[in-house]
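Biologist: Pick one part of this model and take me through it slowly. I'd like to see what sits around it and where that leads.

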Amino acid sequence: MISHTEYARARLEQVSRRLHERVYPETRPAEELVVSPPVGRIGLAGAERLDFRPARLGDRFGPAFATYWFRVGATVPEAWAGARIDLLWQSASEGTVWRDGRLVAGLNPHHGEVTLVDAAQPGWLGCWIELACNGLFGTSGAPVELSRCELGRFDPAAWRVACDFELLRCLERHPATEPSWSAVLRRELERFCDSGDPAILEELFERRNATHAPALVATGHAHLDTAWLWPLAETFRKLQRTLGTALRYMDEYPEYRFAFSQAQHYAWIAERDAALWARLRAQVAAGRVVPVGGTWVEPDLILPSGESLVRQLLLGQRFFERELGVRCREFWAPDAFGYPGQLPQLIRGAGMTRFLTQKLSWNRFTRPEHHTFIWQGDDGSEVLAHFPPADTYSSAADVDGLLRSVRDHRFADPVYRGLLLFGHGDGGGGPTRGMLETLRRAGDLQGLPRTRMGTPAEFFGEVEAAADPLPVSVGELYLEYHRGTYTSQAFVKRANRECEQGLHDAEFLGVARGDYDRAELGRLRRLLALQQFHDILPGSSIRAVYEDAERDFAVLRTGIEALIGDGPTPVNTTGFPRREVAGDRILAAAPYAAASEVEADDEVGIDGLTLENRYLRATLSPDGTLARLVHRPSGREVLAGRGNVLELYDDDPVEFDAWDIDPYTLATGRPAPAAESWELVTATRLRAEIAFERQLSDSSRMRQVVRLDAGAGRLEFRTVVDWHERHKLLKACFPLSVRAPMATYESAFGYAERATHYSTAADRARYEVPGHRFADLSEHGFGVALLTDCKYGYSCHGSALRVSLLRAPKSPDPEADMGRHEFAYALHPHAGGWREAWIVREAALFNAPLRWTRLDRTEPLAAVQQGELVLDTIKLAEDSDELVLRLYEPHGGRGTARVRLGVPFRCACRTNLLEEERDGLAVEAGGVIVIPYAPHEVLTVKAS
């Protein structure tokens with residue numbers, strides 16, 4: 001025999017194709033193949049009433065996201081009696097198969113075979129097909145073409161041999177396979193080709209690994225974005241297809257385990273498909289479908305407020321416990337765009353101790369050093385973290401995928417084991433039969449990692465049981481990618497900030513007035529949580545998704561306004577005391593209380609383009625820039641050059657248009673055209689405003705009002721832009737007379753400090769960073785904060801602090817950010833550092849103007865009287881009328897706080913984020929709760 005590797009491999013590939021052709025030795029074309037006109041997303045009952053016409057192979061269907069219903073059938077011959085009969089379908093799109101009024105399984109390019117009956121009876125066999133004119137990843141715009149529709153008799157013996165042969169063939173040819181083992185495989189597979197004896201294959205599967213081998217736990221998964229390249233309405237049908245397929249395969253593969261996240265997805269099934277919900281619940285009870293994540297959706301984790309992240313966890317865990325009797329133990333965020341430093345504390349507060357992600361494998365400047373490690377949050381809370389070593393949450397579970405888990409594993413890790421998430425994802429779909437067959441065979445086969453199907457809990461449990469010393473990573477996990485998501489789709493960022501504040505205010509006012517509407521607040525909280533999904537809020541979805549978002553935010557605003565109500569009383573809805581200009585009056589208020597008029601103790605002076613109060617003197621230039629700013633209490637010049645310089649950048653990423661700001665963009669910045677005119681629009685003793693008009697380009701225009709109020713420590717820039725650009729980025733730049741190696745940015749219940757230089761690769765990666773309501777640059781004794789009301793993208797290099805205002809990406813939404821925008825930002829110089837100046841308070845007040853509504857009390861409903869805690873949220877408990885307070889330590893300090901309640905109560909205790917009671921708290925006379933706190937701690941207190 002002449003041995004030649006390439007000839008042999010070509011022959012093996014040919015034989016593999018022929019073996020797969022034998023899986024359906026007989027097929028029959030559809031005798032009935034009729035189709036409806038295009039319709040909306042109607043159910044089977046509605047489809048049965050439609051008119052139908054004949055269809056044939058080669059027919060095309062559209063437009064994008066249209067639905068067509070097919071009725072398909074053929075006669076099962078006597079010779080097929082007792083055999084499994086599959087529908088064989090291909091349309092390069094998604095679809096759902098229905099039979100006898102019941103969802104059978106989903107169709108897509110990877111799932112083109114659907115079992116109609118396991119043991120056929122001779123006679124007519126038919127089904128319905130709900131065809132969606134979109135693929136797993138939305139639509140290319142091209143028509144959908146039907147290329148296959150027939151029934152096939154399944155041969156299980158042929159299928160087993162084909163799967164055996166294919167796995168061994170792929171292992172033989174893989175470059176990571178040890179050469180001598182590859183030679184044995186090649187020789188034996190050729191011998192099988194000569195003889196056709198399946199015993200040859202069976203003998204090869206008896207070859208085992210040595211004592212030490214990498215280990216994998218394989219869990220089925222179908223990462224399904226709640227919206228992305230398809231609208232929300234299509235997500236429900238994707239859920240039906242994905243779950244229908246997964247549940248069907250569980251009947252065939254009892255060892256199959258499927259991890260399924262996002263309580264919202266479960267809720268949609270429960271609300272709209274009772275039969276599928278019953279099947280799903282049964283498999284959850286059996287331990288085959290595994291709820292993971294503990295959140296309402298898989299949210300973006302960078303942009304939502306700390307309280308929004310708490311509500312994601314509270315809504316999710318309560319749903320899973322109420323509806324399914326389970327509490328998730330693994331926080332599941334495989335596709336989020338970064339992870340704040342307070343997240344481990346929140347994860348643990350919601351009853352979870354484990355964390356899974358994959359996205360950091362996308363880092364461009366540095367790579368994560370470990371796949372399994374302890375992630376320690378800002379407060380010291382720890383969770384067991386794992387990045388699947390295959391660097392994907394959608395592994396094909398083939399030989400290459402299994403071996404990649406070994407090749408890319410960080411060998412410095414003491415734990416040489418990994419979790420393999422397999423199945424088609426992003427658009428759903430999930431595992432295929434071929435994947436399950438591969439994993440069934442892989443086992444301990446020589447040359448592959450020791451692999452078994454199991455659950456994430458089993459994997460994490462094995463790591464914990466091994467008790468190996470694990471490396472520790474401290475603080476935020478910054479994603480070195482997708483920096484444009486802090487700015488894209490500005491309207492959704494603004495609406496999110498407004499609705500976060502609005503729901504916060506509605507809860508407080510409901511408690512204070514005694515009209516707390518738990519049901520309506522819950523409905524609105526769930527709707528806001530949906531908008532915070534990690535492809536909606538970041539701005540990375542198609543136009544239809546943002547049409548849905550506009551509708552949903554309108555519902556939110558209407559609902560919030562109804563809960564708050566109009567009224568004659570100005571109310572302070574923050575946990576800080578305040579004074580504020582309101583027309584020709586000064587209003588003052590204690591925390592969480594109604595405001596009243598007080599005497600003015602300051603006035604604003606105006607001299608041409610110079611504005612002045614007791615704290616600031618601003619010299620404005622006719623071109624709209626800030627020529628000079630003096631902090632009067634310290635006498636310090638704030639600026640090192642002209643401030644409020646509006647800059648336009650070329651912003652056309654190499655890929656991921658809506659997601660990315662590429663490094664080259666930094667070198668393209670240029671000042672926007674100067675203001676054409678200015679006018680004094682407000683000149684009272686309490687407020688001065690000068691408006692500047694400018695043409696940003698031939699197609700975009702800006703009006704900016706610079707405001708200084710009496711008694712204010714900030715200079716405000718209230719801005720309206722009519723924006724019609726292509727691949728442009730608009731920033732505002734403030735060169736500051738401050739030198740510091742680190743700048744500070746607010747994050748969820750905390751802050752992140754990031755370098756102002758490019759000394760290391762990690763520093764260079766942070767050329768655009770996220771922040772919430774403020775960014776600050778402080779040196780010893782003095783600093784400057786930049787406050788924003790709806791912006792999240794910042795940068796600071798040297799002493800130049802910038803905020804990103806608008807982008808203009810064209811994909812996946814060609815209309816992204818086009819049109820009118822309103823936003824405000826402010827410069828707030830301060831003596832001392834940002835902690836001493838309580839910039840957290842200034843940012844909160846800038847984002848929460850007085851609410852004009854109904855409230856009688858001028859005494860605080862609750863207030864921190866001693867200690868450096870922020871009283872962030874006041875609400876009622878989820879299951880009772882007990883009062884719940886959420887507080888956090890904002891500066892990294894330790895102490896004991898005293899919080900006074902303005903309502904009667906008997907006792908108080910600490911709880912976790914799920915409002916389960918933990919430790920009792922001391923109560924002093926006068927309704928004061930004594931609360932010890934540690935650095936960066938988030939506290940939940942219940943009073944009853």
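**A helix and its cover**

Modeller: Let's take α7, whose buried residues are covered by elements including α6, β14 (258–261), α8 (274–285), β15 (289–292), α9 (306–324) and α15 (518–531). This is a predicted model, where local features need pLDDT of at least 70, side-chain atom pairs count only at pLDDT 80 or more, and totals for chains, interfaces and linings use all residues. Residues are numbered from 1 along each chain as its sequence is written, and side-chain values use heavy atoms, with hydrogens and water left out.

Helix α7 spans residues 263–272, and 7 of its 10 residues are buried, so the rest of the structure largely encloses it. (Buried is under 20% relative accessible area, with a 1.4 Å probe and protein chains only; helices are DSSP runs of H or I with at least four residues, strands runs of E with at least two.) The buried residues are Ala263, Gln264, His265, Tyr266, Ala267, Trp268 and Ile269.

His265 turns up again at a cavity. The whole structure has 10 cavities of 30 Å³ or more, a cavity being a set of points on a 1 Å grid over the protein atoms alone where a 1.4 Å probe fits but cannot get out. The largest holds about 80 Å³ of space, the volume filled by probe spheres set on the points. Its lining counts 13 residues, those with an atom within 4 Å of a point, and Ala222, Leu224, Phe260, Ser261 and His265 lie nearest its centre. Two elements, α6 and β14, each give two or more residues to that lining.

Now follow α6 (residues 232–252) outwards: this helix lies across β5 (67–76), β7, β8 and β10, and runs at about 100° to β8. Here contact is heavy atoms within 4.5 Å, and angles run from 0 to 180 degrees between the N-to-C directions of axes fitted to C-alpha atoms, for helices over the stretch in contact.

Those strands belong to an open sheet of 6 strands in the order β3-β2-β5-β10-β7-β8, paired antiparallel. The edges are β3 (53–54) and β8 (102–107), each pairing on one side only. Two strands count as paired if DSSP finds at least two bridges between them; β7 (residues 94–99) and β10 (residues 123–132) are joined by 5 bridges. Across that pairing, Trp98 has Trp128 of β10 as its bridge partner.

Definitions and conventions. On a 1 Å grid over the protein atoms alone, a cavity is a set of points where a 1.4 Å probe fits but cannot get out, and a pocket is an open set with protein on both sides within 12 Å along at least five of seven lines; lining residues have an atom within 4 Å of a point. Buried means under 20% relative accessible area, exposed over 50%, partly exposed in between (1.4 Å probe, protein chains only).
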